[in-house]
Amino acid sequence: MPQEYKMKEALKTAIHAKKNLMDFYKEAAAMTDHPGGKKVLLRLADEVRENAKKFYDHYRWDDIDTFESLIDAPTRPDSAMIVSLRKALDKNIHERKARELAMKEHEDLEKSFLLAAKNMVDPQVKAVFEEVAKDARNHYAIIESEYAHTMGMVHETDIDTYVRE
């Protein structure tokens with residue numbers, strides 16, 4: 001069923017979704033003692049922060065704080081991502097596990113925003129939701145590529161190494 005969303009609500013939803021994802025990565029990084037996993041998670045948090053800034057820069061209303069105060073606000077403890085994170089993780093989050101978690105979260109984010117976009121009436125709002133989904137898909141592909149390389153799978157950089165029959 002089509003939904004009426006205003007641009008203000010769409011951008012706010014996108015910003016908060018990115019903040020929740022960033023908080024997820026930061027909390028996962030804080031939970032692990034594994035240096036490689038911590039490094040991957042903190043890098044992902046920084047990338048998502050930059051992505052959130054892109055949406056914030058389009059926000060023209062004055063009902064939310066500065067980007068820095070919004071992004072540095074405490075983690076929402078009721079966030080579905082944070083709740084599932086706290087159930088699933090321990091202190092041994094290594095690079096592989098960090099990337100697996102990141103791929104799952106990006107896949108879920110893409111699906112939810114594509115579904116929301118499908119139901120939007122306003123084409124500009126639909127475009128915002130599709131942009132969040134596209135960002136999630138692109139980030140997923142980067143993480144998946146790193147994961148394949150880490151796991152010793154055939155990687156796109158190995159293209160000249162293998163001969164196809």
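# Notebook: helix α6 and its surroundings

**Entry 1: length of α6.** I started with a ruler check on α6. At 1.5 Å a residue, its 28 residues should span 40 Å, and the end C-alpha atoms are indeed 40 Å apart, so the two agree. A reminder to myself: this is a predicted model, and I am reading computed values throughout.

**Entry 2: the ends of α6.** What caps the N-terminal end of α6? I found D122 there, with a side-chain oxygen 2.8 Å from the backbone nitrogen of Q124. Past the other end I looked at G152, which follows α6 and has a positive phi, near 75°.

**Entry 3: the overall layout.** I stepped back to see what α6 belongs to. The chain has six helices and zero strands, so I wrote the pattern down as α-α-α-α-α-α. Of its 165 residues, 41% count as buried. I also looked up how far apart in sequence the contacting residues are. Among contacts with a separation of 6 or more, 73% are between residues 24 or more positions apart. The accessible surface comes to about 9,800 Å², and carbon and sulfur atoms hold 53% of that.

**Entry 4: the buried side of α6.** Which residues of α6 are buried? My list includes V125, V128, F129, V132, A133 and A136. Further along α6 I also have I143, Y147 and A148 as buried. Not everything buried in α6 is nonpolar by name: D135, H139 and S145 are on the list too. I noted the spacing rule next to this: an α-helix has 3.6 residues a turn, so residues three or four places apart point the same way.

**Entry 5: the core.** Next I looked up the largest nonpolar core, which has 43 residues. Y25 and F129 touch the most other members. Each of α1 (7-31), α2, α3 (67-71), α4 (80-88), α5 (95-118) and α6 supplies at least two residues of this core. Which helix gives the most? That is α1, with eleven residues. My margin note: in soluble globular proteins, nonpolar side chains tend to be buried together.

**Entry 6: F129 up close.** I listed the contacts of F129, leaving aside its neighbours within four places in sequence. They are Y5, A10, T13, F113, A116, A117 and M120. Of these, A10 and T13 fall within the residue range of α1, while F113, A116 and A117 fall within that of α5.

**Entry 7: another α5 to α6 pair.** I then checked L114, which is found in helix α5. L114 is partly exposed, at 38% relative accessible area. From L114 to A133 is 19 residues in sequence and 5.9 Å in space, C-alpha to C-alpha.

**Entry 8: charged pairs at α6.** The structure holds nine salt bridges, and I followed K54 because it turns up in two of them. K54 pairs with E131, with the closest N and O atoms 3.1 Å apart. K54 lies in helix α2 and E131 in helix α6 (residues 123-150), so this pair ties together parts that are 77 residues apart in sequence. K54 also pairs with D135, where the closest N and O atoms are 2.7 Å apart. That second pair again joins α6 to α2, and here the parts tied together are 81 residues apart in sequence.

Is each partner buried or exposed? K54 is partly exposed at 29% relative accessible area, and E131 is partly exposed at 28%. D135 is buried, at 11%.

**Entry 9: N51, beside D135.** N51 lies in helix α2 and is buried, with a relative accessible area of 18%; the cut-off for buried is under 20%. Leaving aside neighbours within four places in sequence, N51 is in contact with K18 and D135.

**Entry 10: other salt bridges.** Within α2 I found R43 and E47 meeting through their side chains, at 2.9 Å, N to O. They sit four residues apart in helix α2 (residues 35-56), so about one helical turn separates them. R43 is partly exposed at 28% relative accessible area, and E47 is partly exposed at 27%. Elsewhere, K8, K12 and D63 are linked in a network of salt bridges.

Terms used
Residues numbered from 1 in each chain as written. Predicted model: local features only at pLDDT ≥ 70, side-chain atom pairs only at ≥ 80, totals over all residues. Heavy atoms only, no water. Salt bridge = Lys/Arg side-chain N within 4 Å of Asp/Glu carboxyl O. Buried < 20%, exposed > 50% of the residue type's maximum accessible area, 1.4 Å probe, protein only. Contact = heavy atoms within 4.5 Å. Areas by Shrake-Rupley, 256 points an atom, 1.4 Å probe, with all protein chains shown as cover. Core = buried A, V, L, I, M, F, W, Y, C linked by side-chain atoms within 4.5 Å. Expected span 1.5 Å × (residues − 1). Polar contact = N/O pair within 3.5 Å; in protein donor to acceptor, adjacent residues only side chain to side chain.
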